[in-house]
Structures are given as structure tokens and as C-alpha cells.
Amino acid sequence: MTNTTIGATHGWRKAAFPALVIGAILLALLGACAEDAAERDERPLVVTTFTILQDFAERVAGEHLRVETIVPIGAEVHEWELSPGNFVDLENASLVFYNGYNIEQWMRQVRTTVGSEVPVIAVAEETGHEPLPIMLGDFEGAADPHLWMDPRKAADYVAVMRDAFIELDPDNSEAYERNASETIELFHDLYDDLHETLAAIPDERRVLITSEAAFLYFADAFGFEHEAIWGTNHEEEGTPDQIVRVVELVRQSDVPVAYYESTMSDRHIRAVAEDTGVRVAGPLYVDSTSGPDGEAPDYPAMLRHNAELLVEHLGR
Ligand SMILES: [Zn+2]
């Protein structure tokens, strides 16, 4: 559309109106361009299954790749149903990262949605670490998936992602190398910092009671005993038998506090507290970050928050 045709259709407003119309059209065009730019983002799309993996992938990708998560902040990774938006992302994905060891019970649907040539990588499994066995419940003995709760193992997730990015986009391999080595160093420093923070908790008080037994790798890395109401979030949660077992454990010990997690209701831990008088604290973050405005906006912040909450209730 040209100035002349607008002027012609609007007769006497020829002088003032065309300028307004053109202004409006320009604004509309600019808006459309901005929208198109987002839709036409030419960068390869990396789909991760939950926010922890998204955090790691974004650190390594820098500005070179687009990274999305399937399970949003605060939602339950063990039992997720793919949303329409998830399907769109998966259809456009150049690479998919999932944790593995069966935490994503819904991976079959992911596999049938992505293109057959798209790499789908189980990052935790690819680190080569021997998994610890789930400690109780219906899945006792199976591999526990929460390896990222040890920052040294999280650093190895980063190395797996780096190699996949270099394969996907060799032109930017230097950036991926650099971003990954910075992140790996950051996670090792985080491990040291957490050790220092947690040193305020005496050995005899290093008992961590939660809803899901999701802290095995954390407990192993930082010298805690770990107990929980149930073994993994994909079994039944908070049955009377499960509650009774933990109530007995708490009664036999002098542990002062039990914690709930950000992705779980606190009612099961509160039930244990009612029967034992143990203090309730939380949330601890394990299967999700808190989002940008929360107390655990990213992975290092999440582990620092957890450590401080442990020190607050278990410290001397
Ligand atoms: Zn979990």
C-alpha cells in the first residue's frame, strides 16, 4: 500500500490522515517483525525435559542455541503429560536432553514425536557414573535418577551437553568449550562452597528427612544420612504404611526437623510432624528450580538455598 492510494481513499483527510495511517501501519509492521523474529529464530532448538537440565544447557549454549524445557518450573518431572506447546517444541527440536534412569516416565511419547534423525540423549546415563540404588519402596534397588544433586556429577552433565552441542553445531565449538569449562569450574567451586556451609552441622545431626528420597547423591557427597517417606515420586505417595515407617524412625532418633520439597505437597511431612513433634521446614529444591523471582532461580542458587535451610535447622 502506498501513500497515494491511502490519500485517494480518504479524500479530504489527505493531509493529516495518511501520516497517521502510515504511522500505524509502520508500527504494526514493526510488531509483526518482532513476532516473526521470535518465530523465525533460526538458532537450533534444544529441548530439555526439566528446568535443571535447561539451566545446564543454557549455560553451555550461550546465545548460539535456543533452549526450552518440557516440564515447567515447579511441576512434577516424574509424572508429566506433554502439553500442546511441548509437541510443537519437540517437532522443531534439533536435539533433546533428558536425565534418564527412568525419571521421565513419559519418554516414549517424546521419542515418537521427535524426528528420527534427532539425537535424544540421556545425560545422567552418559556421564558414566554408577547410579545409587533407590533406597525404599516399590522401586527399591532400581537406579536412582537424581545424580545432579551432587555438583561434581552435575559438572559431568555439562561435559555431555558440550560434546552434543559441538556435534550439532561445530561452527561454534569454541564457544561451547569455553562456556562448558567455565560452568564445570563453577560447579566444582559450588561443591567446595557447600562443604564449607554445611560444616556448621555436626556429624550427629547430619540426618536429612524428606518426602521423596531424592537426596541420595547429595547425602553421599556431603556426608548425610538420608531418610524419606517414599522412595521415588512415581510410586504411591504418602500411604499410611509409609508414614508409620518414618514416624517410627523419627521417634527412635533425635532428629529435630523434616523437610518437604518444592514440587510436592507438604501434607505428608506435616502428618509425620503431628505424630512425632518434629519441626517442619522447606521447601528444599530438587526436581525443579523456583523460577527467576523465587529463592532458587537457578541450579547454584537452589543448592545454596538448600544448604542454608539445612544449616538453619540442623546447625549447632
Ligand atoms: Zn524426584
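**Exercise 1.** Which exposed residues does the face of H10 turned away from its buried side carry? Work it out from this predicted model.

*Solution.* Start with the length of the helix. H10 covers residues 240-252, and at 1.5 Å a residue its 13 residues should span 18 Å; the end C-alpha atoms sit 18 Å apart, so that agrees. Next, pick out the buried positions: Gln242, Val246 and Val250. These cover an arc of only 65 degrees around the axis, so they lie on the same side of H10. Now turn to the face pointing away from that side: there you find Pro240, Asp241, Val244, Glu248, Arg251 and Gln252, which are exposed. Finally, ask what the buried residues pack against: strands S5 (207-212), S6 (225-230) and S7 (257-261), plus helix H11 (267-276).

**Exercise 2.** Find the strand order of the four-stranded open sheet, then place helices H4 and H7 on it.

*Solution.* The order reads S2-S1-S3-S4, with parallel pairing. S2 (66-69) and S4 (120-122) are the edges, since each pairs on one side only. From one strand to the next, the twist averages 20 degrees. Zoom in on S1 (residues 45-48): four bridges tie it to S2, and threonine 48 faces threonine 69 of S2. Now add the helices. H4 (residues 84-92) packs on the sheet, touching S1, S2 and S3 (93-98), at about 130 degrees to S1. H7 (residues 151-168) lies across S3 and S4, at about 170 degrees to S3.

**Exercise 3.** Where is the pLDDT below 50?

*Solution.* Begin with the chain: its mean pLDDT is 90, and 88% of residues reach 70 or more. The stretch below 50 is residues 1-17, with eight contacts beyond near neighbours in sequence. Where pLDDT is low, don't read the predicted coordinates in detail.

Notes
Residues are numbered from 1 along each chain as its sequence is written. This is a predicted model: local features need pLDDT of at least 70, side-chain atom pairs count only at pLDDT 80 or more; totals for chains, interfaces and linings use all residues. pLDDT is the predictor's confidence in each residue, from 0 to 100. Two residues are in contact if their C-beta atoms, placed from the backbone, lie within 7 Å. Helices (H or I, at least four residues) and strands (E, at least two) are DSSP runs, numbered from the N terminus. The expected span of a helix is 1.5 Å times one less than its number of residues. A residue is buried if 20 or more other C-beta atoms lie within 10 Å of its own, exposed if 12 or fewer, and partly exposed in between; C-beta atoms are placed from the backbone. The arc is that of the directions from the helix axis to the C-beta atoms. Two strands pair if DSSP finds at least two bridges between them. Axes are lines fitted to C-alpha atoms, for helices over the stretch in contact, and angles run from 0 to 180 degrees between N-to-C directions.
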